[in-house]
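This report describes one protein model. The sequence and the structure are shown first, and the description follows.

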Amino acid sequence: MVTRKEKREKEKEVNYLFELLKTQNHFFKNLNKLLKDVDDPRHQSYITYDTEVLLMMVILKNACNLKSMREMTNEFNKEECIKNVGKWLGKYAKNLAYYFREVQ
């Protein structure tokens, strides 16, 4: 039987962004294409971010159980989060590149 302490230690090792990308690649292979194909009613001269970027941000916000985009900004900009993403990108850059190639 696994103790609570052991469970917490194992959870620290899990990379949730990587797991999310694996899940997306397995169950929603064409998600990026579907998001790109959404009609954008905004005037083209005012567009800074593409539709798929905005929609993916909303998906990430909801997947992280955050209530607002402002809360997402605050949570994702915490120093601990930035350090973890930096470590993760250094460690898993090859896997990340592989998944983005496979999805597109």
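Does Ser45 count as buried or exposed? At 54% relative accessibility, Ser45 counts as exposed, because the cut-off for that class is over 50%.

## Overall architecture

The model is a predicted one. Its protein chain has 6 helices and 0 strands, and read along the sequence it follows the pattern α-α-α-α-α-α. The protein chain has 104 residues, of which 18% count as buried.

## Helix H1 and the residue before it

Glu6 has its place in helix H1, which covers residues 4-13. With a relative accessible area of 41%, Glu6 is partly exposed. A polar atom of the Glu6 side chain lies 3.1 Å from the backbone nitrogen of Thr3.

## Helix H2 and its two sides

Helix H2 runs over residues 16-27 and has 12 residues. At 1.5 Å a residue it should span 16 Å, and its end C-alpha atoms are 16 Å apart, so the expected span and the model agree. The expected span uses one less than the number of residues.

Four residues of H2 are buried: Phe18, Leu21, Gln24 and Asn25. They cover an arc of only 125° around the axis, and therefore they sit on the same side of H2. Tyr16, His26 and Phe27 are exposed on the other side of H2. The buried set includes the polar residues Gln24 and Asn25, while the exposed set includes Tyr16 and Phe27.

## Salt bridges

How many salt bridges does a search of the whole structure find? The search finds 2. Side chains of opposite charge can pair when their charged atoms come close.

One of the pairs is Asp37 with Lys33, where the closest N and O atoms are 2.9 Å apart. Within this pair, Asp37 is partly exposed at a relative accessible area of 46%, whereas Lys33 is exposed at 53%. Arg42 forms a salt bridge with Asp40, and here the closest N and O atoms are 2.7 Å apart. Arg42 counts as partly exposed at 32% relative accessibility, and Asp40 also counts as partly exposed, at 22%. The value for Asp40 does not make it buried, because that class requires under 20% relative accessible area.

## The loop between H3 and H4

Helix H3 covers residues 31-36, and Ser45 is found in the loop between H3 and H4. The side chain of Ser45 makes a polar contact with the side chain of His43, at 2.7 Å. As stated at the start, Ser45 counts as exposed.

Val38 is also found in the loop between H3 and H4. With a relative accessible area of 37%, Val38 is partly exposed. How far apart are the C-alpha atoms of Val38 and Leu55? They are separated by 9.4 Å, with the two residues 17 residues apart along the chain.

## A nonpolar surface patch and helix H4

Which residues form a nonpolar patch on the surface? The patch consists of Tyr49, Val53 and Leu54. Together these residues have about 270 Å² of accessible area.

Leu54 lies in helix H4, which covers residues 51-63. Its relative accessible area is 35%, and Leu54 is thus partly exposed. Leu54 can be counted in the patch because its relative accessible area of 35% meets the requirement of over 30% for patch residues.

Methods
Residues are numbered from 1 along each chain as its sequence is written. This is a predicted model: local features need pLDDT of at least 70, side-chain atom pairs count only at pLDDT 80 or more; totals for chains, interfaces and linings use all residues. Side-chain values use heavy atoms; hydrogens and water are left out. Patches are made of residues with over 30% relative accessible area and no salt bridge: like charges are joined within 9 Å, nonpolar side chains (Val, Leu, Ile, Met, Phe, Trp, Tyr) within 5 Å. Accessible areas come from the Shrake-Rupley method with a 1.4 Å probe; for residues, only the protein chains shown count as cover. A salt bridge is a side-chain nitrogen of Lys or Arg within 4 Å of a carboxyl oxygen of Asp or Glu. Buried means under 20% relative accessible area, exposed over 50%, partly exposed in between (1.4 Å probe, protein chains only). A polar contact is a pair of N or O atoms within 3.5 Å; within protein, one must be able to donate a hydrogen and the other to accept it, and residues adjacent in sequence count only if both atoms are side-chain atoms. The arc is that of the directions from the helix axis to the C-beta atoms.
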